[in-house]
Amino acid sequence: MGKKTNFLIMKLILCFFMLFVLSGCLGEREINDLEIVIGMGVDKDESPDNILLTAQVVKEGIAGKSSGGGGGGEDRPFWNVSSKGMTIFEAVRQMTHKTGNRLFISHNQVVIFGNDLAKEGLQKYIDFFLRAHEMRPTAFILVAEDKASAVMDAKPETEKLPAINIGKLVKTYGFTSHFYKVNMKDFASCLMSPTTAPMAPLVSVIENGEDKEIYVSGMAVFKKGKMVGKLNEDEVRGLLWVLGEVKSGVIIVPTPNEQGKAVLEIVKVKSKVTPEIKDGKIMMNIKIKEDSSLSEQTTTENLATIEAFEKIQEATAEVIKQEIMKAFDKSRELNADIFGFGEMLHKKYHKEWKNLEDNWDVIYPTIELNIDVESKIIKTDLLKKPAAPNEGKK
Amino acid sequence: MSIEKGKISSQQLFFLIAGFVEASALLIDFTVGITEQQTWMVILAGLIITTPFVLSYVALAKSFPGMNLVQINDMVYGRFLGKVISLYYIFFFSMTLSFNIRDVGELYITFLMQDTPFIFFLIVFTATCAYAVTKGIEVLARISHLILVTGFFAITSTFILLIDQMDFSNFLPFFELPLIRIFQGIHIVSSIPFGETVVFLMIMGCMNKTEHAVKNTFFGLLIGALSLLFVAVRNTAVLGRTQTIWTSTSFQSIRLINIGTVLTRMDFVIGIAQTILIFFKCSIFLYVLVVAVSQLFGLKSYVPLVLPLAAIEVIIAATVFQSPVDHATITQNAGIIYSVPLVFVFPPLALLIAKIRGLPKVERGKGT
């Protein structure tokens, strides 16, 4: 018994001391040694073949971090480090010459590509962001109207860090549905598709005197990895109607007596696209069901009547159709399949698809759309009549 | 008689087989690159094809009660040929074990701890397996249900967390790929996760009662296959077209989990679950290898062989491949070929020969 207990105690002591020996982690990185990157921007450098990478590093404790060296104003809680290289990874490692440590990109929220680079093609630059083990596939991808570094420089008012602010902007696209979020995995998925055109939100800087503001102005359209054009806000919503990704937004239609405007908020959208091949012609049957609420009106006429509703609903459906057609016309002009019609055909008619795939650029502009919109007003919010003199008393 | 004195119940056999098959959840990546969105069909087809073979293992074990594969081979194919076939099996066990140990190492250095030396994981991991094996099959059987539940929890929870990102149109079109690729996929699936259950021929002899063995084996295989199916469906639905490019599809789909920006970075769930599951699988493989070798050489106990064989396995695992690239290439192309006779030919053939020669009865009378 005594021997056994002794042995047990010996074992316990041994285990206890092992705690000290075995706790050592190889490759450990302490929090104050980390250069936490929250956003990255990639631009073309002046010298050909080179890229300019800008990484936004968080300064933990603004006061204690003055040793950064040339990162802008003293009170900024971030530091935009830039470096040059032939490729992204070279530039990332080159950056250690300035930071003294490897970048820690696990918390990276956004990757912004400069306009020049996007036009030249993102295929060769996207690989690092998918391959690097610290990089998350949920990071958002954006294209700057001009220079990515300028976008990362604009200090937001309410948020402390520009990259976090941009991430927030992209995430809340649903209020207007004028652009939509695209993460690394989605972008890669479109890049891998032989027909679907990848897209990314376009972000620009508005200079307002001293202040700089960030603004998302639409979407950049890519074809074969190269940026070929952009969609404006209405066109993007036209696209999103078809994809069923419209979360919310504002639709303005004239009132039945044409004296003012009825303003509707989109509440719920459902869409269904069924491709059809008839006598060699490709037809896309798009069915959209939209629910909205009457959120504002600018006339004294009471719009909360069944007759008025019917007219507004018709007008709404017309607006939606026009938006879709605008988007489709633009995509025909760019000859880029932003809707993913090719993939839809592929999934339904995979035998015919083999012939279509090679000539897709020729076929795509000949596609016909058959749009059927069903619009409903389901509520009028807090008012059932406008605050205006009652017409019935006369 | 058999070298193992421990006894397991046939219910434990169910958990052992289910956990063993489930442990191959990450290995379906070998198929995904070939069969893309049709992986789920390939798994189902593989299950259907393999089931009769696996049931033949049970039938074989039942007709030679209390005996393991090496003894059965000796009896059925004769002393010399039996030994040769047993050696072939031992080669298969040892190679598969080292590949699986290597999987763990690759998992860790690719996804979890990049800077740690590769060999370190192999040694620590194999030492743990060796420890488990010295405790005998009974202990492994007793923990098997915990292991199965852990794996199932990880698979179902990640499935549920990813439901909002699933797009089931990713499974379309249903029949697109050329048949040759589907066949290769079926071959991989039926050899790797399902066919490897041939190791249970070394274990089934330890069963105390063989009454429900067939039923339990079948359901064990089914539950294991279901978990693989869940994984395949989750990965295809979430990743769609991109599923062919990632080093590990499961890891990549789990990295996409993002619920309210709070439930993110769930890689650790699959890291933990997979480590536990592969530990279980490797322990079974190491046990089987050790028992087979000791049986072949007629040792009284297998315990002295555990450490030396574990050390050899570590060395094989560390040196056999240069990178995951040749690991995948060799497994997809060569690995599934040399295991074919072991998985699909010898056991049913042994059953047939035993039936023709009326072996068990005659031999049992002689007894050893």
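**Reading helices and a chain contact**

Reply: H5(B) and H6(B) are oblique to each other. This is a predicted model.

Me: How do I read that from the angle at which H5(B) and H6(B) pack?

Reply: Angles that are neither roughly parallel, antiparallel nor perpendicular count as oblique; perpendicular runs from 65 to 115 degrees, and antiparallel starts over 145. Here helix H5 (residues 79-112) of chain B and helix H6 (residues 118-134) of chain B pack at about 130°. Their axes are 9 Å apart. The crossing of H5(B) past H6(B) is right-handed.

Me: Which residues in H5(B) and H6(B) meet?

Reply: From H5(B) come Ile101(B), Val104(B), Gly105(B), Tyr108(B) and Ile109(B). They meet Phe118(B), Phe121(B), Leu122(B), Phe125(B) and Thr126(B) in H6(B). By class, that contact has eight nonpolar residues, two polar and no charged.

Me: Now helix H4 of chain B. How many of its residues are buried?

Reply: A residue is buried if 20 or more other C-beta atoms lie within 10 Å of its own. In H4(B), residues 69-77, eight of the nine residues pass, so the helix is largely enclosed by the rest of the structure. Among them are Leu69(B), Ile72(B), Asp74(B) and Met75(B). Gly78(B) follows H4(B), with a positive phi near 85°.

Me: How many residues does each chain give to the contact between chains A and B?

Reply: The size of an interface is often given as the accessible area lost when the parts come together. Here we count residues: 14 from chain A and 17 from chain B.

Me: Which element gives the most on the side of chain A?

Reply: H8(A) does, with four residues. The chain A side divides into four nonpolar, seven polar and three charged residues.

Definitions and conventions:
Residues numbered from 1 in each chain as written. Chains lettered and ligands numbered in written order. Predicted model: local features only at pLDDT ≥ 70, side-chain atom pairs only at ≥ 80, totals over all residues. Contact = placed C-beta atoms within 7 Å. Helix = DSSP H or I, 4+ residues; strand = E, 2+ residues; numbered from the N terminus. Nonpolar A, V, L, I, M, F, W, Y, C, P; charged D, E, K, R; others polar. Axes fitted to C-alpha atoms, helices over the stretch in contact; angles between N-to-C directions. Parallel < 35°, antiparallel > 145°, perpendicular 65-115°, else oblique. Left-handed = near helix turned anticlockwise from the far one by under 90°. Buried ≥ 20, exposed ≤ 12 C-beta atoms within 10 Å, placed from the backbone.
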